[in-house]
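The following exercises concern the internal voids and the open pockets of a protein model. Each task is followed by a solution in steps.

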Amino acid sequence: MNTTRVSSQEVNFDGLVGPTHNYAGLSEGNVASLSNANDTSSPKQAAKQGLKKMKALHDMGMTQGILAPQERPDMYALRRLGFTGTDAQVLEAAYKQAPALLSACCSASSMWTANAATVSPAADTHDGKVHFTPANLTNKFHRSLEPDTTSNILKATFNDENHFVHHQHLPDNDHFGDEGAANHTRLCGDYHEEGVEIFTFGRYAFNRNKPMPSKYPARQTIEASKAVARLHGLSDAQTVYVQQNPNVIDQGVFHNDVIAVGNQNVLFYHQEAFLDTELFFNELRTKFSGELHAVEVKSEQVAVADCVSTYLFNTQIITLPSGEMAIIAPMHCHDNPSVKAYLDELVTLNTPIKQVHYFDVNESMKNGGGPACLRLRVAMTEQEVHAVNQQCLLTDAKFTELNAWVDKHYRDQLTFDDLRDPSLVTESRTALDELTQILQLGSVYRFQQ
């Protein structure tokens with residue numbers, strides 16, 4: 001590992017938790033989401049927990065970015081679905097006639113920016129630019145509402161066409177179901193060097209004779225993964241496609257980042273993560289140049305159920321300025337004896353991972369998203385970092401400003417009954433309008449256009 005800061009780095013862009021953060025149990029296949037359905041949420045606490053994690057990484061010497069949330073409640077979607085009248089009438093009618101739709105149109109799920117897009121850094125792409133493809137998220141209605149606004153936010157954040165290329169999301173059809181970076185990881189030497197991009201998929205959309213889960217949906221198709229690779233101009237020699245084990249999807253591993261995570265030359269994964277592990281690693285070792293640290297967790301060390309409940313693999317692995325790697329884990333990992341024992345041992349082994357830091361992100365965890373869900377990873381050179389909208393990068397002053405913004409606009413608690421309150425529309429739009437000024441995003445929301 002390098003012991004000095006190189007000319008490139010991986011920047012984590014965390015999603016700000018939106019003002020309508022609530023527990024609706026909308027995500028089939030996500031055990032935490034389903035088990036906490038209809039609990040009372042705390043939007044203010046959730047947003048502050050997310051900001052606190054961002055600030056901690058900033059204080060470790062990492063460059064930390066911020067991505068704005070979606071506009072919710074999504075009044076446009078409700079009207080498109082046939083609810084008419086004033087905002088108050090639309091909300092009340094949806095509350096009485098289709099409560100599941102109201103919940104979906106109020107979801108703050110864009111906080112999990114690992115699903116925002118797939119990102120390929122300049123070192124891997126045909127034109128030497130950073131490429132972004134927003135995920136279409138077709139498998140869940142509440143998330144399928146996100147891609148257009150996500151695209152606007154990404155374009156306003158990565159707003160220099162000399163360095164960044166933005167693609168339209170894939171067709172809105174389950175054959176091209178795309179869940180973004182949650183099913184994509186990249187291995188490399190230094191971040192500015194050409195790497196190997198790993199696309200993990202759950203099923204073949206056009207061949208139902210291939211293996212697939214039977215209980216829960218496989219959200220990512222190989223067809224979607226290959227389309228993104230084509231859009232980004234990736235070479236076959238630096239691209240690997242691997243199928244997720246259908247059995248672990250049926251155990252609640254709804255994305256690959258719940259069972260595996262990579263950083264630079266480390267791939268940290270569970271024994272049961274992939275359908276054909278040996279074949280996968282044979283191809284990976286052929287295509288990856290340099291020393292590869294494959295850190296496998298055996299089932300007898302940590303059961304899949306414990307991986308799901310603690311999000312052991314939905315942790316971030318970051319490379320600190322010192323060159324050491326650190327795991328950013330939720331407190332659930334600390335509080336589970338077998339997972340804590342494993343992590344205590346991991347930092348003593350002959351791998352680049354030498355530290356573990358635990359964070360309270362319970363409001364996100366209860367809805368089914370750990371530290372890795374909360375961030376979109378973008379490997380960039382220093383020049384590319386300077387080309388980013390600088391107001392979307394965290395500083396001490398920005399952290400203070402955003403906390404004050406949350407205090408000003410967010411509710412302490414939110415229940416399902418609160419979702420029909422028309423003042424929530426006004427509160428949310430007022431907050432987001434102010435946020436676009438703080439982050440200098442321009443008019444990224446429909447209510448602003």
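For the class counts below, Ala, Val, Leu, Ile, Met, Phe, Trp, Tyr, Cys and Pro are taken as nonpolar, Asp, Glu, Lys and Arg as charged, and the others, Gly among them, as polar. The model is predicted.

**Exercise 1. Characterise the largest cavity and its lining.**

Solution.
1. Begin with the count: there are 8 cavities of 30 Å³ or more.
2. Next, take the volume of the largest cavity, which is about 280 Å³.
3. Identify the residues around the largest cavity: 23 line it, and E10, H184, T185, R186 and R377 are the closest to its centre.
4. Assign the lining to secondary structure: β6 (184-187), β9 (260-263) and β15 (375-381) each contribute at least two residues.
5. Sort the lining of the largest cavity by class, which gives 12 nonpolar, 6 polar and 5 charged residues.

**Exercise 2. Characterise the largest pocket and state which element gives the largest share of its lining.**

Solution.
1. The volume of the largest pocket is about 570 Å³.
2. Its lining comprises 20 residues, with D74, R80, S144, L145 and D148 nearest the centre.
3. Two or more lining residues of the largest pocket come from each of α3 (75-80), α6 (141-144) and α7 (147-157).
4. Among the contributors, α7 gives the largest share, with 4 residues.
5. By class, the lining of the largest pocket divides into 7 nonpolar, 6 polar and 7 charged residues.

Methods:
Residues numbered from 1 in each chain as written. Predicted model: local features only at pLDDT ≥ 70, side-chain atom pairs only at ≥ 80, totals over all residues. Heavy atoms only, no water. 1 Å grid on protein atoms, 1.4 Å probe; cavity = no way out; pocket = protein on both sides within 12 Å on 5 of 7 lines; lining within 4 Å. Points joined across faces, edges and corners; volume = space filled by probe spheres on them.
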